[in-house]
Amino acid sequence: MCNGFNHVLCSESDIVVFLNSGFSFEGLSAARFHPGPRASAALTTSKEAGTNDSSSTVTDVSSTERRENNILFTFPAARTKLESPWRDIEWTEEKKLSLKVTISSYKPSSEDVSHAKVLLLGPVGSGKSSFISSVQSVFKGRVTNRAMVGSSSTSFTKKLQSFNIHAEDVEDPTGLVLCDMVGLGGGDMTGLTLHDILSVIKGHVPEGHKFSPDQPVRSETVGYVKRPSLKDKVHCVAFVVDASKVLTYPKGLSDTFQKLREHISELGVHQVALLTHIDKICVETDKDVAEVYKSNTIRDMMVKAGALLGMSTSYIVPVKNYSSELDLDVNTDVLLLSAVDHILQYANLYFQDNTAQHTGQKME
């Protein structure tokens, strides 16, 4: 019930409202409409229409009068597609090639490291591994799944894995390494899990370390790096959230993100976010990824994702990962490469902020 009305979903074309005689238009603008992602709301007067509130009034009439005096009104559907994009991007093969060249030629601004190390953090099933595989696919020129991707509610990734991104037909890797690890649980962040994540970011955790709730990372851990150098540390953290689950994530997850961001920020590591599965919440974008920045639905979901993460939307970029596709798509590639370029900009800020300090420590 909403202001004395029942509300259901209908088609995108119109909001159809049947009003009984005696309905007062006074306060109609205050009625709350709840359209779905690609549908508007159709509201009918309630059988309990005698209920009054401060915003609308329905006068009780006989059932005969209701049948005889029903009037059909139509209202424009809520706009799900904007006339102008809210972010500008070129959806061309030339733009794709330009981004590939930029990323392939990227070198960290610090002479102490050969690559930027980016850690992907997010709930189970958010698309971390899929993003890595999708980026690799773009650079390989074909869809590939090097990073193993799970499809269940439990995390497929159990250990710390680093993936070098290789350009097509080039032996040497790019200056980017994407790191994957076990997905975040739905409950509140425990000290143990927080400790392990921060240990990874600080560079203490060895490659291939298998995480276990009852075996936290400590100095006695096999391969533990006691004095990590700049190249051992994580230079940027990319949070990954599923656009189709933002509104249904457990309540404690927001606290988890907030706590993580606070501690990661104290380490001087910049953070961005990837909004995945955008094709699941917007029909137009599912048909053509180039419509992403004209989608009011996706723009609104980015705001909600920002609230979940405690992060401005300027740090968040939407992406569509390859899943069932067998062939690459130019627009999908451009969106993925734009996300990588976004990440590298913040990774480079880390080097600018920390190289001088790190060098000074080495000289002492």
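## Walking through the sheet, strand by strand

E8 and E9 pair in the parallel sense, with seven bridges between them. Keep in mind that this is a predicted model. Let's work through some exercises.

**Exercise 1. Find the partner of valine 237 in E9, then trace how the chain gets from E8 to E9.**

Step 1: Start at valine 237 and look across to E9; the bridge partner there is glutamine 271.

Step 2: Now follow the chain. On leaving E8 it passes through helix H5 (residues 251-266) before reaching E9.

Step 3: Check the handedness: this β-α-β crossover is right-handed.

**Exercise 2. Work out what lies on the other side of E9, and whether E9 is mostly covered or not.**

Step 1: Strand E9 covers residues 270-276, and three bridges join it to E10. These two strands run parallel.

Step 2: Pick out the facing residues. Leucine 274 sits opposite valine 317 in E10, and leucine 275 sits opposite proline 318.

Step 3: Look for a helix here. Helix H7 (residues 296-309) packs on the sheet and touches E8, E9 and E10. Its direction makes about 140° with that of E10.

Step 4: Count the buried residues in E9. Six of its seven are buried, so the strand is mostly covered, buried being under 20% relative accessible area.

**Exercise 3. Put the strands of the open sheet in order and name its edges.**

Step 1: Six strands make up the sheet, in the order E6-E7-E5-E8-E9-E10, and the pairing is mixed.

Step 2: Strand E6 (161-166) and strand E10 (316-318) are the edges, as each pairs on one side only.

Step 3: From one strand to the next, the twist averages 25°.

Step 4: Add helix H3 (residues 128-140). It lies across E5, E6, E7, E8 and E9, running at about 20° to E6.

**Exercise 4. Find the residues with the most contacts inside the largest nonpolar core, and look around phenylalanine 239.**

Step 1: The largest nonpolar core has 81 residues, and those with the most contacts inside it are Phe131, Ile201, Phe239, Ile264 and Leu275.

Step 2: Ask which element gives the largest share of this core. That's helix H8 (residues 330-363), with twelve residues.

Step 3: Zoom in on phenylalanine 239. Skipping neighbours within four places in sequence, its contacts include Leu121, Phe257, Ile264, Val272, Leu274 and Met311.

Definitions and conventions. Residues numbered from 1 in each chain as written. Predicted model: local features only at pLDDT ≥ 70, side-chain atom pairs only at ≥ 80, totals over all residues. Heavy atoms only, no water. Pairing = 2+ DSSP bridges. Helix = DSSP H or I, 4+ residues; strand = E, 2+ residues; numbered from the N terminus. Axes fitted to C-alpha atoms, helices over the stretch in contact; angles between N-to-C directions. Contact = heavy atoms within 4.5 Å. Core = buried A, V, L, I, M, F, W, Y, C linked by side-chain atoms within 4.5 Å. Buried < 20%, exposed > 50% of the residue type's maximum accessible area, 1.4 Å probe, protein only. Right-handed = clockwise from strand over helix to strand, strands pointing away.
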